[in-house]
Amino acid sequence: MTHAAPAATHAVPSGDPAGPGAYVLGVDSGGSGLRVALGRVAEPGPLATTLCAEPVRTGPGGIDAGHLLDQLLPAARELLERASAAASAETRSDAARAGGASAYEVAAVAIGAAGMATLGERLRAELPGALADALGVRRVALAADAVTAYAGAVGQRPGAVVAGGTGMIALGTDLKEWHRADGWGHLLGDSGGGAWIGRAGLDAAMRAHDGRRGGSAALLDRLRAVFGPAETLPGLLYPRSDRPAVLASFAPEVAACAGADPVAAGILRQAASHIAEAAAAVCPASAEPDGEGGGAGEVALTGGLFRMGEPLIAPLREELARLLPGARMTTTTGDPLTGALRIARALAAGGLRLPRHPTMLFVPLEQET
């Protein structure tokens, strides 16, 4: 388990909380592009969202702050213009009275980005000033995508979240510090994630092709259906720069075979064990039954991995019950974009409870006006 202590040097921005009519922006930057959501401080859910389909570039200096801004700023202005056009004069007047000086003030922006913790130095250095200049926003939060996934799934309560897709990461907090397990990529970890399951399934298929122990004829049939002859698979896989995604594309085939094939079912049981171990490593002690009123906590599952359904969820439920007896396992529709919007709302209202951290949840001091 990795402990991420809070950063004492980065305080919540000073000043009065924004009024309920003020706008907030949530941003999710990932492999499929940049998603932006516009909301109001006191209203649940987004008013509107938009997608910039080009992923933000990453180079030798980390995530490219300029490229992110080139996409974010036009998208934000478009959302604000759409919201303004949709509002009647009466609604605008009411919002202005509720929100203070300007109904169209952008009170806070929260940006969650894949790679923020390790590749976000330029974002942390450049974005707060650039957003203040372009949008007049003084409250900015820059978060790792695991943090926005947590906020989307759990909110601002203590607990743990497992974000599973091509990879797998578990994140937990007692609202004092963050605890992370895995998320180290398909070569060093992501155990139980989509790429891990897909690779294990392809390994079992190749074993059947060779006549080795542990092979699965059912998975070999699926390999041939998806990729063609088994002996051509190395040539298809190894030159690819997106190998984790290719491996993960086979994970649903493993799930589809699990009902009738013991090898496929065993792969999913092992994946469930890895996922449960990561969740147990980050679940805060106060969320475990301790006989002192801590009670059972929440372990939220989020991400496309868990759309496999019962072939994975059933053994995972058993493993979590064994490692975290009494914990509530939940699935959630709250994604990282929802989490970014929640963080922005809490920041604008002066109620952000999630722990600050210099790389995982960076909240710079409010700039002087």
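Residues 24 or more positions apart make up 67% of the contacts in this chain that have a separation of 6 or more. Keep in mind that we're looking at a predicted model. The chain has 369 residues, and 50% of them count as buried. About 16,000 Å² is exposed, with carbon and sulfur atoms supplying 53% of that area. As for secondary structure, there are 13 helices and 14 strands.

Let's start with the sheet. It is an open one of 6 strands, in the order 4-3-2-7-8-14, and its pairing is mixed. The edges are taken by strand 4 (48-52) and strand 14 (361-362); each has a single partner strand, so one side of each is left without a neighbour in the sheet.

Strand 8 is a good place to zoom in. On one flank, strand 7 (residues 106-113) pairs with strand 8 (residues 139-144) in the parallel sense, over 6 bridges. If you want to trace that pairing residue by residue, V109 has V140 as its bridge partner in strand 8, and A113 has A144. On the other pairing, strand 8 and strand 14 run antiparallel and are joined by 2 bridges. There, the bridge partner of L142 is F362 in strand 14.

How many of the residues in strand 8 are buried? The count is 6 of 6, so to speak a mostly covered strand by the under-20% relative accessible area cut-off. In a regular strand, side chains alternate between the two faces of the sheet. Here R139, A141 and A143 point one way from strand 8, while V140, L142 and A144 point the other way, and all are buried.

Now for the helices that pack on the sheet. Helix 4 (residues 121-135) touches strand 2 (23-30), strand 7, strand 8 and strand 14, and its direction makes about 145° with that of strand 8. Helix 5 also packs on the sheet, touching strand 7, strand 8 and strand 14; its direction makes about 105° with that of strand 8.

Helix 5 has a residue worth clicking on, T148. T148 has a relative accessible area of 1%, so it is buried. Leaving aside residues up to four places away in sequence, T148 touches G112, A143, D335, P336, G339, A340 and I343. A143 in that list is one of the strand 8 residues from above.

Next, the aromatics. A pair of aromatic rings is described by the distance of the centres and the angle of the planes. The count for this model comes to 2 aromatic pairs. In the Y150 and W178 pair, the ring centres are 5.4 Å apart and the planes sit at 85°, so the pair is edge-to-face, the class for angles over 60 degrees. Y150 lies in helix 5 (residues 145-153) and W178 in strand 11 (residues 178-182), so the pair ties together parts that are 28 residues apart in sequence. Are these two residues buried or exposed? Both Y150 and W178 are buried.

The other pair is F227 and F250, with ring centres 6.2 Å apart and planes at 40°, so this one is tilted. The F227 and F250 pair also links distant parts of the chain, 23 residues apart: F227 is in helix 7 (residues 217-227), and F250 is in the loop between helix 9 (243-248) and helix 10 (251-257). F227 is buried, with a relative accessible area of 18%, and F250 is buried too, with a value of 0%.

There's a charge-over-ring arrangement as well: R180 lies over the face of W184, at 3.7 Å from the ring centre.

Two backbone spots deserve a look. L175 has a positive phi of about 70° although it is not a glycine. L175 lies in the loop between strand 10 (168-173) and strand 11, and its relative accessible area of 16% makes it buried. D190 is another residue other than glycine with a positive phi, near 55°. D190 is found in the loop between strand 11 and helix 6 (194-210), and is buried with a relative accessible area of 10%.

Last stop: A265, in helix 11 (residues 262-282). At 17% relative accessibility, A265 counts as buried. The C-alpha atoms of A265 and V254 are separated by 7.9 Å, and the two residues are 11 apart along the chain.

Methods:
Residues are numbered from 1 along each chain as its sequence is written. This is a predicted model: local features need pLDDT of at least 70, side-chain atom pairs count only at pLDDT 80 or more; totals for chains, interfaces and linings use all residues. Side-chain values use heavy atoms; hydrogens and water are left out. Rings of Phe, Tyr and Trp (its six-membered ring) pair if their centres lie within 6.5 Å; planes under 30 degrees apart count as stacked, over 60 as edge-to-face and the rest as tilted. Helices (H or I, at least four residues) and strands (E, at least two) are DSSP runs, numbered from the N terminus. Buried means under 20% relative accessible area, exposed over 50%, partly exposed in between (1.4 Å probe, protein chains only). A charge sits over a ring if NZ of Lys or CZ of Arg is within 6 Å of the ring centre and within 35 degrees of the ring normal. Two strands pair if DSSP finds at least two bridges between them. Contact means heavy atoms within 4.5 Å. Axes are lines fitted to C-alpha atoms, for helices over the stretch in contact, and angles run from 0 to 180 degrees between N-to-C directions. Accessible areas come from the Shrake-Rupley method with a 1.4 Å probe; for residues, only the protein chains shown count as cover.
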